[in-house]
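Visitor: I've just started learning to read protein structures. Could you show me one and explain the words people use for its parts?

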Amino acid sequence: MCGQQFIERDLARARLARDTVAFAFNVPADEIAAPTRRSCQVAFARQVAMYLSHVAFELNLARVGQAFGRDRSTAAYACQIVEDRRDDPDFDAWLDGLEECLRTAPEPRSLSEGM
């Protein structure tokens, strides 16, 4: 797999995390992807999506930031915020479910590979 394929795969994984979190938070995915902060709920949903991209898909923080149109330090801050919230057992269990969902998702395929 060449460098461009890695980038495309990482972007697809981040998009899956974003869309999964949008569903779980009941917020529009395009709001999470917006270049500005938006509401507190949307901002936290974005932080969770960034965290899950890092944890479930093992993307480095620079790639996470790039995938969400943010920088590495913003991705690191998002991960710290979400990790701090994991002290809440209900939130932790909910997040474990989302993480498991993403970890077990099949790898993205291109249409040229056939289905």
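Guide: Happy to, and keep in mind that this is a predicted model. Let's begin with Phe25, which has a relative accessible area of 15%.

Visitor: What makes Phe25 buried rather than exposed?

Guide: Buried means under 20% relative accessible area. Phe25 comes out at 15%, so it counts as buried.

Visitor: And Trp94, is that one buried, exposed or partly exposed?

Guide: The value for Trp94 is 32%. The partly exposed class runs between 20% and 50%, so Trp94 counts as partly exposed.

Visitor: Why is the pair of Phe25 and Trp94 called edge-to-face?

Guide: Two checks do the job here. Ring centres have to lie within 6.5 Å for a pair, and those of Phe25 and Trp94 are 5.3 Å apart. Planes over 60 degrees apart count as edge-to-face; here the angle is 80°, so the label fits.

Visitor: How do you know that this pair links distant parts of the chain?

Guide: Look at where the partners sit: Phe25 is in helix α1 and Trp94 in helix α6, 69 residues apart.

Visitor: What makes the pair of Phe44 and Phe91 tilted?

Guide: Their centres are 5.9 Å apart and the angle between the planes is 40°. Stacked needs under 30 degrees and edge-to-face over 60, so an angle that meets neither cut-off is called tilted. This pair also links distant parts of the chain, with Phe44 in helix α3 and Phe91 in helix α6, 47 residues apart. Both Phe44 and Phe91 are buried.

Visitor: How many aromatic pairs does the structure hold?

Guide: There are four. Ring pairs also link Phe25, Phe44, Phe91 and Trp94 into a cluster.

Visitor: Which residues touch the most other members of the largest nonpolar core?

Guide: Those are Val21, Ile32, Val48, Leu52 and Leu95, in a core of 29 residues. Helices α1, α3, α4, α5 and α6 each give two or more residues to this core, and α3 gives the most, with nine. In general, nonpolar side chains tend to be buried together in soluble globular proteins.

Visitor: What is Ile32 in contact with, leaving aside its neighbours within four places in sequence?

Guide: Its contacts include Val21, Val27, Val42 and Phe68, and Arg18 and Arg46 are among them too.

Visitor: Why is Asn26 called exposed?

Guide: The cut-off is over 50%, and Asn26 has 69% relative accessibility, so exposed is the right word. Asn26 lies in the loop between α1 and α2. Its phi is near 55°, a positive value in a residue other than glycine. Most residues other than glycine have a negative phi.

Visitor: What about Glu58, buried or exposed?

Guide: Glu58 is at 65%, over the 50% cut-off, so it counts as exposed. Glu58 is found in the loop between α3 and α4, and its phi is near 55°, also a positive value.

Visitor: Where does the lining of the second largest pocket come from?

Guide: Helices α1 and α6 each supply at least two residues, and α1 gives the most, with three. The lining includes Ala12, Phe57, Pro106 and Arg109. By class, the lining residues are eight nonpolar, no polar and four charged. The volume of this pocket is about 180 Å³.

Methods. Residues numbered from 1 in each chain as written. Predicted model: local features only at pLDDT ≥ 70, side-chain atom pairs only at ≥ 80, totals over all residues. Heavy atoms only, no water. 1 Å grid on protein atoms, 1.4 Å probe; cavity = no way out; pocket = protein on both sides within 12 Å on 5 of 7 lines; lining within 4 Å. Points joined across faces, edges and corners; volume = space filled by probe spheres on them. Helix = DSSP H or I, 4+ residues; strand = E, 2+ residues; numbered from the N terminus. Nonpolar A, V, L, I, M, F, W, Y, C, P; charged D, E, K, R; others polar. Core = buried A, V, L, I, M, F, W, Y, C linked by side-chain atoms within 4.5 Å. Buried < 20%, exposed > 50% of the residue type's maximum accessible area, 1.4 Å probe, protein only. Contact = heavy atoms within 4.5 Å. Phe/Tyr/Trp six-rings, centres within 6.5 Å; stacked < 30°, edge-to-face > 60°.
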